[in-house]
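Student: I have a structure open and I don't know where to begin. Can you walk me through it?

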Amino acid sequence: MSDHHIELTINGRRHVADVEGRMTLADMLRDDAGYTGVHLGCEHGVCGACTVIVDGRAVRSCLMLAAQADGAEVTTVEGLAEPDGTLHPVQQAMREEHALQCGFCTPGVVMTLAALTGGNEKPTEEALLGALSGHICRCTGYQGIRRAAKRLAAGTAGAAA
Amino acid sequence: MNAEASGINAARYIGERVLRKEDPRLLTGRGQFVDDISLPGMLHCAFARSMIARGRILSIDTAAARDVPGVHAVYTAEDLAKVSFTMHTFFMVPTSVKTPTLAEDHVAYVGEPLALVIADSRYIAEDAASLIEVEYEEEEPVVTLADAKSGPPVHPELENNIAGQMGDEDVDDELEAALNGAAHCMTQRVIHQRVSQSPMETRGVLATRDGPEELTLYITCQSPHAVARWVSLALGLPQAAIRVIAKDVGGAFGLKNHPWKEESSVIIAAMLFGRPLKWIEDRYENLTTANPAREQDITLRIAFDGEGRLVASHSEYDLNNGAYPQAVDEGMAAQMFLWSAYKLPAYGFLTRGWYTNTTGLAAYRGPWAMETLVRETALDKAARAMGIDPVELRRRNLVSLADQPTTSVLGLPLEDITPAECLEKLVGNFDVAAFRKEQAEARGQGRYLGLGIAAYIEPTASAGTMGVMTGELAQVRIEPTGKVTATMSTHSQGHGTATTMAQVIADRLGVPYEDVTVFEGDNSRGGFGPGAAGSRQGVIAGGAAIRASEMLADKVKALAAHLLNASPDNIVIAEGMIHVEGAPEMSRSLGEIAGIAYGEPDRLPPDLGTGLEIQYRYQPPPMTFTSAAHACVVEVDAETGFVKILRWISSEDCGTVINPAVVEGQISGGLAQAIGMVLLEEMPVDERGNPTAATYKDYLLPAVSDIPEFEFLHANTPSKSIGGMRGVGEGGAIIGPPTLVNAIADALSPFGEIDVLELPLTPSKILGIIEGRDIAGTEARREAPAAATQESAPAAEPAASSEPAAAPAPAAETKIDGDWKMLMKTPMGDQEMTGHFETSGSAVSGYLASPEGNQDFAGTVEGNVVKFDLKVEKPMKITLKYNLTFEGDSVSGKVKLGMLGSAKLSGERI
Ligand code: FES
Ligand code: FES
């Protein structure tokens, strides 16, 4: 088994690790770096719970190897809110729309929405809902998740915060 | 209307859509799920599992696995046998068939755990588990319900595969005549697929031994209290020796009521190995080897008079229980509620659970939901056949408020159910006539729209009818700082009890919602509660929290009155401040009063103890009914067979609503699962017993694109319980399936009826209905095993009906007098008893002795047949009618259990 020395940035902090070639980015983030907000719902790329942002793009961390993240900038759900605790607009919209119950799928949903709404271009409602169709939530029936996505597309999220 | 319920007057938080307390943590990655916990010295576990469904284990070779660097131990059943462990059911009694943790000498389903590897990491543990070699002597598996009826017993110690049975094997003559003689008689058969509960967090446990008799478990579960009780019974340790922590749980839906084979194996291994052990199930294991749900087959006959009024009905129901069910389900709950909301004069049934060589059955949101599915789809079919509008047909037959109090055909007392009222509210908000017009126009253009309507009632908040379904405990404190903490017996797997309980407490105590913190999820805090099972927590714990808060408010008022020289009646607590009516200058903060209550005992009135703490355990009425009617509109694409849901309206009466966002969330989640069951989800099992949906690409869960926006109408008829709430956890999953099926059937009606409703209704099945041919191959598959059953049926017959019906041969030889050891098979499990009989001419008397006590009886003897009646109070008031035949040294017979059908009894002379 090959070992790899990697250096990356996680939530703005430098992280150095020696990982086995087969270790997934998800397991490295959870077990080595302690970001347990990265959730594993299927470990085969379907449920979306493990989504993190790697170099600006939403990525399923169960399908990416830790070694592939060498030199990358990674954001997990722990890295979104302001240091003073102020929620990110996506988190705020999800909270106000009651978009979660057990909260297990939540970090993945938040990261996909954050990746898509984080740039300069404003995504359409269709684009956000299309991306969300790759996330499985077993609790909510998606009602609040859909409303949160609509608010984010309309640019009204966070207004009440 | 509601003398018992505290009037929720001037509610400040009850009924409000307040933001959830749980969310800031969960949205920022600060949840604490079982896999998020790590302990020093912790090792990881993986299982080697059976590759076959049935056979003897000849050998298990673990040598190669032990040799893998990083592996610490490999345990098989022989190793685990050093710790005595008895698997129990959901009802906290030992399983009725011996259920091993790791398989002992034979395997009974594909995926049954055989060996447990302990290693440095999950990666290494799984590597090593794959190196374990098992040699089997394979046997023919019993996989389907048809196999179970004709095949050899899954458990060789039993005479057949019947896990549980209620009702009558022969249809009552009068009932048969009523069915045949009615103006209309129709039959509906529903075949429900096997499904996976699929909580997004799989099963998992971290077990660690603390001290000689102590065990700490972090486990994803539905109640840490229930897990502690279950594990203490399994191990024979005091319950206090088991600490169970489950702060956040990623959904459960019936799968996580208590540990099963895997979690139990890890617990025993942790005791043997002496280091903390963690097992986190992967999704492949969860789909293929975690206890699944449903897989049922029911045939319902219904007869109507010329006016469309119900005359009689009969059903035959079979449920696949797998090899080791978490509790035997013979389907009695479904029978009990099948016609409970309708005016039906006569009903009979036969309901049976069957053992097969598949993974054992577990619960899933509304385990009895088949009753609503078969009834409501049958009513729509009947409405079409009789040319009566489906809403009108229900109007004629539903029990309305004006009909109550009344009792259902199986004797269930009904006082305040409102399905008829929910239906009226629903159609008052949906223009059926306008839809019919739109539907007709659309059909003209080759578009197929359909409207589905369904109504139901649901038993919620059950307490006291079964030993494990208890009341709930609220412990509420005003801390010396004036902030409020509550420790509740509840547990949330997404239910939001930390929010709803805080709302109730803030409301009744008169403090800001922000000032209340609720603790749960740890059995070392708070009293016993069975957790999220049976739509109960909001109702019962809500009632407990209301009463505890009111008692605490009274104590605050008494203290404040004493300190401020006022009358308690003039003290008002609001927003965390204490006011004396008419004297604003005397207002004090709750913190100030609390500081005195704890720290200055000299200033308290003599009879008032120090501190501000109250606990109250609420025992609600035995059952509280929730009612609902739903409507759904679909469009079926006749080219592709795809179903698009255009609209869905829920009209639900769940009494007092604590938080509409939470209530709607519960209904929506259940409806999404319903839509999954009707259109997408299926866990197929092949003829060798292999579950064949191994990933979420094979097992299709609904995504946001499959689920419409739901619309809600809340009727709020307060219940008889404190606060007036009614349970709402399971309803969506119960009423959702028939609502959607009815809409699809309505859309397809120009093409004909769905003959046998076999779920899921995939596009190929729907195209089959449209084109009138068996495109999906379902009928062909169904016919094959059915034919096999018929052929082999005679062979199975004697086993099933050998004893009681046959006229007893006069057996003057048989001596009845004396003591007999007897076993009665009831839905609640096997009941052992000793019978003492003394005959005198044609009279017999004696007693039945069981661990619960002795009961005297008197009855009649005719030849070697003894008949007597016994009245019992538990689990409900019924008269048991014994009919026993004595032959030589053995006795056998039937016991009629009133509305519960009948149970078999056998025994021998002592
Ligand atoms: S855990 Fe990565 S997609 Fe499901
Ligand atoms: S909130 Fe539980 S899975 Fe989405």
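Domains, chains and contacts

Tutor: Let's begin inside chain B. Between domain 1 of chain B and domain 3 of chain B there is one salt bridge. Keep in mind that this is a predicted model.

Student: Which residues form that salt bridge?

Tutor: Asp522(B) pairs with Arg243(B), and their closest N and O atoms are 2.7 Å apart.

Student: What about polar contacts between domain 1 of chain B and domain 3 of chain B, how many?

Tutor: There are twelve residue pairs in polar contact between domain 1 of chain B and domain 3 of chain B, with both residues at pLDDT 80 or more. On the domain 1 side, α7 (224-235) and β11 (242-245) of chain B each bring at least two residues to the contact with domain 3 of chain B. The largest share of that side is from α7(B), with five residues.

Student: How does that side split into nonpolar, polar and charged?

Tutor: The side of domain 1 of chain B that touches domain 3 of chain B has eleven nonpolar, six polar and three charged residues.

Student: And how much area is buried there?

Tutor: Domain 1 of chain B and domain 3 of chain B bury about 1300 Å² between them, and carbon and sulfur atoms carry 50% of it. In domain 1 of chain B, the residues that lose the most area to domain 3 of chain B are Gln222(B), His225(B) and Arg243(B), which together make up 42% of what that side buries. Arg243(B) is also the partner of Asp522(B) in the salt bridge.

Student: Back up a bit. Where are the domains of chain B?

Tutor: The assignment for chain B gives domain 1 (34-140 + 200-252 + 256-277), domain 2 (293-461 + 623-781), domain 3 (472-618) and domain 4 (799-909).

Student: How far apart are the centres of domain 1 of chain B and domain 3 of chain B?

Tutor: Taken over C-alpha atoms, those centres are separated by 41 Å. The contact involves 20 residues from domain 1 of chain B and 18 residues from domain 3 of chain B.

Student: New topic. What are the confidence scores?

Tutor: The model has ipTM 0.97 and pTM 0.90. For chain B the average pLDDT is 92, and 94% of the residues score at least 70.

Student: Where does the pLDDT of chain B stay under 50?

Tutor: One such stretch is residues 1-8 of chain B, which has 26 contacts beyond four places in sequence in the model. Residues 785-811 of chain B also have a pLDDT below 50, and that stretch has 20 contacts beyond near neighbours in sequence.

Student: Okay, now the two chains. How many residues of each are in contact?

Tutor: 52 residues of chain B are in contact with 43 residues of chain A. The area buried between chain B and chain A is about 4100 Å², with 57% of it from carbon and sulfur atoms.

Student: Which residues of chain B lose the most area to chain A?

Tutor: Leu27(B), Tyr123(B) and Met200(B), and together they account for 21% of what the chain B side buries.

Student: How many salt bridges are there across the interface of chain B and chain A?

Tutor: The rule finds six salt bridges there. One of the salt bridges joins Asp35(B) to Arg30(A), with the closest N and O atoms 3.3 Å apart. Across the interface of chain B and chain A there are also 24 residue pairs in polar contact, both residues being at pLDDT 80 or more.

Student: Which helices of chain B supply residues to the side that touches chain A?

Tutor: Those supplying at least two residues each include α1 (23-27), α4 (122-129) and α18 (660-680) of chain B. The most comes from α18(B), with seven residues. By class, the chain B side that touches chain A has 22 nonpolar, 17 polar and 13 charged residues.

Student: And chain A, how is it divided?

Tutor: Chain A has domain 1 (3-79) and domain 2 (89-154), and their C-alpha centres lie 21 Å apart. The contact between them takes 17 residues from domain 1 of chain A and 14 residues from domain 2 of chain A.

Student: What is the salt bridge count between those two?

Tutor: Zero salt bridges between domain 1 of chain A and domain 2 of chain A. There are four residue pairs in polar contact across that interface, both residues at pLDDT 80 or more. On the domain 1 side, β3(A) gives the most residues to the contact with domain 2 of chain A, with three.

Methods:
Residues numbered from 1 in each chain as written. Chains lettered and ligands numbered in written order. Predicted model: local features only at pLDDT ≥ 70, side-chain atom pairs only at ≥ 80, totals over all residues. Heavy atoms only, no water. Domains from an automatic or database assignment. Contact = heavy atoms within 4.5 Å. Salt bridge = Lys/Arg side-chain N within 4 Å of Asp/Glu carboxyl O. Polar contact = N/O pair within 3.5 Å; in protein donor to acceptor, adjacent residues only side chain to side chain. Helix = DSSP H or I, 4+ residues; strand = E, 2+ residues; numbered from the N terminus. pLDDT = per-residue confidence, 0-100. Buried area = accessible area lost by both parts, 1.4 Å probe. Nonpolar A, V, L, I, M, F, W, Y, C, P; charged D, E, K, R; others polar.
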